[in-house]
Structures are given as structure tokens and as C-alpha cells.
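Biologist: I'd like to walk through this model with you before I head back to the bench. Could you take my questions in turn?

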Amino acid sequence: MENTDREELCELMDKILINSLELVEQDVQLSQDIDRLMTEGQIDLAHTRFTKGPNAVSAVQLPAEDYKPFRALRTVAITPDESTLPHMSLESHPVDAEEERIDPASWFGILRPPTLNSAKDKFTRSLESIVERANVRVTLGHYLSLFAALNKQNAKN
């Protein structure tokens, strides 16, 4: 009887380790995606500066000290999952002057270059990947702490 309990415990630990390795692989893939998207977004910004001139995308378009504050169009919401783990999600908010939500891309005028819009899209997609990676890391941390607890239990037997 004791031998079957130990075998079940070892089998559960094996499953947790396999799931952990899959999460590590997913974490590495998301990290590479984030790096690629950020690099491509920066290249698009550089392309916009090159084609439109150095003042087209510069600190001149950024809000000055007298600019009124604004709120982000995308925010992270943390909700409890069915399990005990928190789950993060990215919420999109519409542009709304009453809620002080503006689109920072509007600082660059109405007729923005396509590369500027492309950069915005890539940075937005990288933000989605960052939130997904955070969820993967929370789950991975939970699996590793569960494995450590099971390993202690296995050592006592």
C-alpha cells in the first residue's frame, strides 16, 4: 500500500515537472516574441524619423509641462482564476475625453505615416505578450512550489 502511494506521488511530481518544462519553453518563446516586436517597433519609429525628418517623431510632439494628465488606453486587470492563482488580462479602453483617455498617436497629427501606426501596433502586441508571459510565470512559480512541497513529502516517506 505504501509503495503504491509513493509511486503515485512520484508520478504526480513527474507530471508537474513536465508541465513546468512546457511552461519554461512557452516563457522563452514569449520572451523572443516580445524582443522581436519591440525591435520591429523601434525600427518602424526610426524609419518614420528617417522619411519624415528628425523632428517628425521627437520630443517636440510629447506633451509639455502644461499638458493635462491622461489615462492609459490599455490597463492590466488582475482577476482571481478558478484556481487560487491570479490571472492578468489586458483591458482596452476607448478614447474618451471625459475619462481623460486619449490616443498618444494623435500627438503626431491626423495624417500619420504608416510606419508610425505599424510601430504602435507592434508595441501593443508586445504588451499583450508581456501580460501573457506574466501569467505563464505565475503558473510556473505555482508548479515549482507545489513540486517542492511534494518533494518534501516524498523525502519523509
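Modeller: Sure, one term to begin with: a contact, or touch, means heavy atoms within 4.5 Å. This is a predicted model, where local features need pLDDT of at least 70 and side-chain atom pairs count only at pLDDT 80 or more, while totals for chains, interfaces and linings use all residues. Residues are numbered from 1 along each chain as its sequence is written, and side-chain values use heavy atoms, with hydrogens and water left out.

Biologist: What pattern does the protein follow along the sequence?

Modeller: Helices (H or I, at least four residues) and strands (E, at least two) are DSSP runs, numbered from the N terminus. The protein has two helices and two strands. Read along the sequence, they give α-β-β-α.

Biologist: Which residues does Asn-135 touch, leaving out those up to four places away in sequence?

Modeller: Asn-135 sits in helix 2. With those sequence neighbours left out, its contacts are Pro-86, His-87 and Met-88.

Biologist: Is Asn-135 buried or exposed?

Modeller: Buried means under 20% relative accessible area, exposed over 50%, and partly exposed in between (1.4 Å probe, protein chains only). Asn-135 has 13% relative accessibility, so it counts as buried.

Biologist: Which helix gives the largest share of the largest nonpolar core?

Modeller: A nonpolar core is a set of buried Ala, Val, Leu, Ile, Met, Phe, Trp, Tyr and Cys residues joined through side-chain atoms within 4.5 Å. The largest one here has five residues: Leu-9, Met-13, Ile-16, Phe-147 and Leu-150. Helix 1 and helix 2 each supply at least two of this core's residues. The largest share, three residues, comes from helix 1.

Biologist: What is the C-alpha to C-alpha distance between Leu-12 and Leu-150?

Modeller: Leu-12 belongs to helix 1, residues 2–52. Leu-12 counts as partly exposed because its relative accessibility is 41%. Leu-12 and Leu-150 are 138 residues apart in sequence, yet in space their C-alpha to C-alpha distance is 8.6 Å.

Biologist: How much of the contacts with a separation of 6 or more comes from residues 24 or more positions apart?

Modeller: Met-13 gives a local picture, touching Phe-147, Leu-150, Asn-151 and Asn-154 when residues up to four places away in sequence are not counted. For the protein, the share of contacts you asked about is 70%.

Biologist: Where is Glu-100 found?

Modeller: Phi of Glu-100 is near 60°, a positive value in a residue other than glycine. At 37% relative accessibility, Glu-100 is classed as partly exposed. Its place is the loop between strand 2 (86–92) and helix 2 (114–156).
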